[in-house]
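Biologist: Please take a close look at one helix and the aromatic residues around it. I would like one connected account, with the wider setting of the chain added where it helps.

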Amino acid sequence: MGRAYVYVIVGGGVSAGYAANEFVKRGITHGELCIISDEPVAPYERPALSKGYLLPEAPSRLPSFHCCVGTNDEKLVPKWYKEHGIELILGTRVKSADVRRKTLLTATGETISYKYLIVATGARALKIEEFGVSGSDAANVCYLRDLADADRLVNVMQSRGGGNAVVVGGGYIGMECAASLVINSFKVTMVFPEEHCMARLFTPKIASYYEDFYQSKGVKFVKGNVLKSFDFDISGKVTAVNLKDGSKLPADIVVIGIGIRPNTSLFEGQLTMDKGGIKVNGKLQSSNSSVYAMGDVASFPVKIFGETRRLEHVDSARKAAKHAVSAIMEPEKTGEFDYLPFFYSRVFTLSWQFYGDNAGEVVYFGDFSGNAFGAYWINKGLLVGSFLEGGTKEQYEAIAEATRIKPIVEDLGELERQGLGFAMTVGQKLPPLPNDDDGSSGDGICDVMMEKRLFTWHATAGVIVAASIAVFAYWYGRKRRRW
């Protein structure tokens with residue numbers, strides 16, 4: 001037996017929900033779209049799992065965070081899919097794929113054929129067994145990647161009612177789970193091999209601010225160390241975490257957040273791979289013209305970097321989903337995916353956003369002893385990255401726009417002096433050119449942001465002058481002939 005669809009999305013994460021919404025907005029016909037997911041629920045906003053879902057009071061639960069509430073769009077509950085003629089095949093694993101024949105084989109033995117396939121298989125959490133440590137199956141060892149993982153973590157936290165928690169990993173999941181564990185009255189120790197938390201994104205100075213804040217909440221940090229083994233009680237539960245340096249940490253619950261690996265196995269040997277994911281072009285199209293990929297599983301050209309990268313964040317998944325659908329349904333009207341990398345987190349009373357690339361020299365601004373500060377990254381004389389903690393909506397929008405523009409920065413000292421004011425100014429409409437009365441450049445920002453605009457003005461003025469001379473020469477020539 002089998003079924004056939006025009007469009008099939010394999011994977012039921014964030015990008016699948018946003019793609020479905022975009023398909024509907026673009027007017028697909030009932031019965032044309034199918035989503036196959038191994039999860040038993042319709043696509044949902046995964047960031048909720050490490051935030052609101054873990055709260056001890058008034059926690060978030062489905063259907064409150066189905067896609068696409070993350071962008072204040074419509075909430076796509078199961079009824080929505082039915083009303084729009086979208087087939088949801090849930091709790092079903094795809095066993096194999098044949099991109100040449102355009103078919104998928106499910107674990108139940110059903111063949112699904114398609115005209116266009118969108119791969120949204122996401123990624124899986126790396127297990128400690130892949131690093132030579134056993135114990136993932138212990139009742140109080142938790143990961144956090146999907147709804148089942150979140151339910152398991154909540155159940156373990158509730159059954160323990162406080163105690164000692166060890167978080168292995170200092171990245172996104174580690175930091176957000178550590179905050180949730182503190183809120184749930186656990187004494188938390190974080191263990192990671194790097195010199196500071198969020199090492200892939202934060203500088204040591206930025207990381208120090210968050211580590212100090214976490215320590216004020218009772219969190220302890222064990223840096224430059226890794227998990228070696230567990231101690232177990234007679235029931236198989238972990239009682240202690242043994243580290244490589246020989247130290248031992250008591251544990252009533254262990255949360256592992258040591259990274260992810262893209263789910264590419266269905267397509268290895270069939271599609272071109274790059275940077276650990278499925279390589280796609282600017283329209284998110286793979287090496288097979290009928291197959292597109294988006295989200296954690298896709299490696300796509302990032303213009304601001306000038307290279308192909310794989311980005312692991314929900315914002316990329318949401319925006320890539322819309323672009324992929326556009327590229328499929330209106331290829332002639334769809335340009336290259338021009339994405340500005342964006343990362344954010346909200347824990348405790350903290351809230352930060354980062355845009356662009358963390359390459360080059362860093363210029364800090366703001367009050368690191370307070371609750372509002374930030375940084376710019378300057379690479380080859382251009383602003384390529386911006387970070388801000390404790391900003392307003394307008395301020396976050398300003399650093400995003402400034403990073404997208406990539407203005408020239410010649411004076412790092414002046415940039416530091418202006419701080420956030422630089423981003424607030426550079427993203428606004430430029431003021432009129434200064435008059436001849438005082439010859440000033442306005443607010444001192446000309447050296448760092450006006451060069452390209454002034455060049456355009458000068459070029460325009462040159463064209464006007466040249467045209468005027470030509471007209472005069474023509475008039476003068478005709479007049480001489482009349483003389």
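Modeller: The helix is α5, and its buried residues are I206, A207, Y209, Y210, E211, F213 and Y214. This is a predicted model, and what follows is computed from its coordinates. By length, α5 is regular: its 13 residues should span 18 Å at 1.5 Å a residue, and the end C-alpha atoms are 18 Å apart, which agrees. Just after α5 comes G218, with a positive phi of about 100°.

Two neighbouring tyrosines of the helix pair with each other. The ring centres of Y209 and Y210 are 5.2 Å apart and the planes stand at 80°, so this pair is edge-to-face. Y209 has a relative accessibility of 11%, so it counts as buried, the cut-off being under 20%. Y210 is also buried, at 2%.

Both tyrosines belong to an aromatic cluster made up of Y172, F202, Y209, Y210, W352, Y364, F368, F373 and F387. In the whole structure there are 31 aromatic pairs. One of them joins F202 and F387, with ring centres 5.7 Å apart and planes at 80°, so this pair is edge-to-face. F202 lies in the loop between β10 (186–192) and α5 (204–216), while F387 is in strand β26 (residues 382–389); the two are 185 residues apart, and the pair links distant parts of the chain. F202 is buried, with a relative accessible area of 5%, and F387 is buried at 1%.

The cluster also has a charge placed against one of its rings: the charged end of K205 sits over the ring of Y364, 4.6 Å from its centre. A second case of this kind involves K127, whose charged end is over the ring of Y143 at 5.1 Å from the centre.

F202 and Y210 also appear in the largest nonpolar core, which has 132 residues; they are among those with the most contacts inside it, together with L104, V188, M190 and F267. Helix α6 (residues 314–329) supplies the largest share of this core, 7 residues. Apart from this core lies another, of 18 residues, including V133, A138, V191 and V254.

M190 leads back to the helix, for Y214 is one of the residues that M190 touches. Leaving aside residues up to four places away in sequence, the other contacts of M190 are V167, G169, G170, G174, M175, A178, V219, K220, F221 and V222.

Next to K127 in the sequence is I128, in the loop between β7 (123–125) and β8 (141–142). I128 counts as buried at 3% relative accessibility. Beyond four places in sequence, I128 touches V133, S134, G135, S136, Y143, L227, F230, I256 and I258. Of these, Y143 carries the charged end of K127 over its ring, and V133 is one of the residues of the 18-residue core. I128 and L227 are 99 residues apart in sequence, with their C-alpha atoms 8.6 Å apart in space.

As for the wider setting, the protein holds 11 helices and 26 strands. Of its 483 residues, 48% count as buried. Among contacts with a separation of 6 or more, 60% are between residues 24 or more positions apart. The accessible surface comes to about 22,900 Å², and 51% of that belongs to carbon and sulfur atoms.

Notes:
Residues numbered from 1 in each chain as written. Predicted model: local features only at pLDDT ≥ 70, side-chain atom pairs only at ≥ 80, totals over all residues. Heavy atoms only, no water. Core = buried A, V, L, I, M, F, W, Y, C linked by side-chain atoms within 4.5 Å. Buried < 20%, exposed > 50% of the residue type's maximum accessible area, 1.4 Å probe, protein only. Helix = DSSP H or I, 4+ residues; strand = E, 2+ residues; numbered from the N terminus. Contact = heavy atoms within 4.5 Å. Phe/Tyr/Trp six-rings, centres within 6.5 Å; stacked < 30°, edge-to-face > 60°. Lys NZ or Arg CZ within 6 Å of the ring centre and 35° of its normal. Areas by Shrake-Rupley, 256 points an atom, 1.4 Å probe, with all protein chains shown as cover. Expected span 1.5 Å × (residues − 1).
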